[in-house]
Amino acid sequence: MDTQHLGFDSKLVHAGIPDDPMGSAVTPIYQTSTFAFRDAQQGADRFAGKAEGYIYTRIGNPTINALEVAMAQLENGVGGVATSSGMSAVSTVYLALLSAGDHVVSQASVYGPSRILMEKHMSRFGVESTFLDTTDLAAVKAAIKPNTKIIYVESPGNPGMQVTDLVAVAELAHAHGALVVVDNTFASPYLQRPLDLGCDVVLHSITKFINGHADVVGGVLVAKDEAIYKQLRAMMVMSGCNMDPHQAWLVSRGLKTLSIRVDRAQQSAQEIAKWLEKHPKIEWVSYLGLPSHPQYELVKKQMKGPGAMLSFEVKGGVEGGRRLMDAVKLATLAVSLGGVETLISHPASMTHASMGKEARLASGISDGLVRYSVGIETLEDLIADLDQALAKV
Ligand code: LCS
C-alpha cells in the first residue's frame, strides 16, 4: 500500500508492511540469517546491486526493512537504518560521518554514553569535540571551527529537558558546511520531526517511546538525503550492529499505538507537573508544558506537544529524592523511559554517573534531580502514589 500521502496515525498502522504471498495482515517475522538464491547468477546480481532481493540478515531483512520504511516515512526522510540499540545508532552516526581531524559541537547534556563515546573514544581516532549548551545559539556559533563536521543535538535533552532551536542550529551549521544530527528519543516523531526543521539525520533509542513497552532495546537512524543514508547503512552493515528480525517485529507492533500512548502519557504528565509544582516538598519542576520552562515558547513552535518526561527536585536534595524513590509503589524505580509503565530514576547516580560530577553539574543535572517518565496508568493513581511517597520524605 502506498502510505506516503497518508496522515501520521495511518502511517503508524500501515507504513512499511510488505506485500505478503500468504496475505498476512501484519509484517511476518522472517527469522532467518540468510536468503536462498534461485541460481548463481541471481546471487551475483544481488551482490552487485543489479537485482532486488535479500542476501543476508545483517545486510537487510524484510521484517527489519518494514520498520525502517515506517520510520523513514514518519520522520519524513529518505531511508531508515535500524540498529541493535540506541547506542549503536549513535556509534554508527559517529563512525559513518566523522574522520580524523574533524570537529564536533555537541550538547553538554546529551545522554551520558553518547558523550563518553565521543570524548573518550572518538578522540582516540583524532576526532575533536566541544560540549556546550546548544540552547545558547551564540555559544554554538562561537564554537564552530573550519573543521566542524557535525552539530549533535539531543532535544529535548535527557534529563535536563533543554530544548534547542533546531531551525536556527540547522541554519548555522549549513552556513558553515556542517551537518546536524538530532537525537529525537524524548520527543518521538509524533511530537517533533527534526528533518522537517532542516536537520540532516535523526536518531532514536527505539527502546523508549517508539517501542513503548519496555521489552526491546533498539535504535534507528533516518537520513534526509540519499548520500547520507547510504553512508549510514554501509557503516551499520560493516560494524554489524543490525537489528534482529524478532526485535524489529516487536517494535513494529509497539509503534502502531505511538500517538495514542504519547497523547495519554502527555495529558497525565501535564497534570502531574502542575501538581508537583504546587507541592510544598518540591523545590522545582522542569516540564516542557509549564510556562516556567525556559523554552516554553520554543516548544510550542517546534513541537506538537510537551511530551511525557519531567524532572524535578525534592526539597532535601539527594536524600529527599532517594526517600521518594524508595517510597513510590506504582512507579517502577528503573532507568529507561517512554514505556506504558511509569518509571522513576536518579540520573546523577545512574544514567549520567559516568559523565563525572563536574560535567554533569555544568550540563544542568543536579545531584538531587529526579527523572520521571509518565506512563499510561490512571492519573489519579499516579498522583496518589507520589502523594503517599512525598508524605514519607
Ligand atoms: N539517546 C537517548 C536520549 C537515550 O535516553 C538513550 C538511552 C540512548 C540514546 C541510548 O539508547 P539505548 O542504547 O539504551 O537504546 N537512555 C537511557 C536512559 O535514560 N536510561 O536508560 C537508558
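Student: How far does a polar side-chain atom of Thr 207 lie from an oxygen atom of the ligand?

Tutor: This is a predicted model, where local features need pLDDT of at least 70, side-chain atom pairs count only at pLDDT 80 or more, and totals for chains, interfaces and linings use all residues. Residues are numbered from 1 along each chain as its sequence is written, and side-chain values use heavy atoms, without hydrogens and water. For Thr 207, the polar contact (N or O atoms within 3.5 Å) with the ligand oxygen spans 2.6 Å.

Student: Which residue offers a polar backbone atom to a ligand oxygen?

Tutor: Asn 158 uses a polar side-chain atom, 2.9 Å from an oxygen atom of the ligand. The backbone contact, at 2.8 Å, comes from Met 87.

Student: What share of the ligand's exposed area does the protein bury?

Tutor: Taken alone, the ligand exposes 480 Å² (Shrake-Rupley, 1.4 Å probe). Of that area, the protein buries 92%.

Student: Which residue of E6 has Gly 219 as its bridge partner in E7?

Tutor: E6 (201-205) and E7 (219-223) run antiparallel, joined by five bridges; strands are DSSP E runs of at least two residues. The partner of Gly 219 is also among the residues closest to the ligand. That residue is Ser 205.

Student: Why do E1 and E3 each have one side without a neighbour in the sheet?

Tutor: The open sheet has seven strands with mixed pairing (at least two DSSP bridges per pair), in the order E1-E7-E6-E5-E4-E2-E3. Strands E1 (79-83) and E3 (128-132) stand at the edges, so each has a single partner strand.

How values were computed. Helices (H or I, at least four residues) and strands (E, at least two) are DSSP runs, numbered from the N terminus. A residue is near a molecule or strand if one of its heavy atoms lies within 4 Å of it. A polar contact is a pair of N or O atoms within 3.5 Å; within protein, one must be able to donate a hydrogen and the other to accept it, and residues adjacent in sequence count only if both atoms are side-chain atoms.
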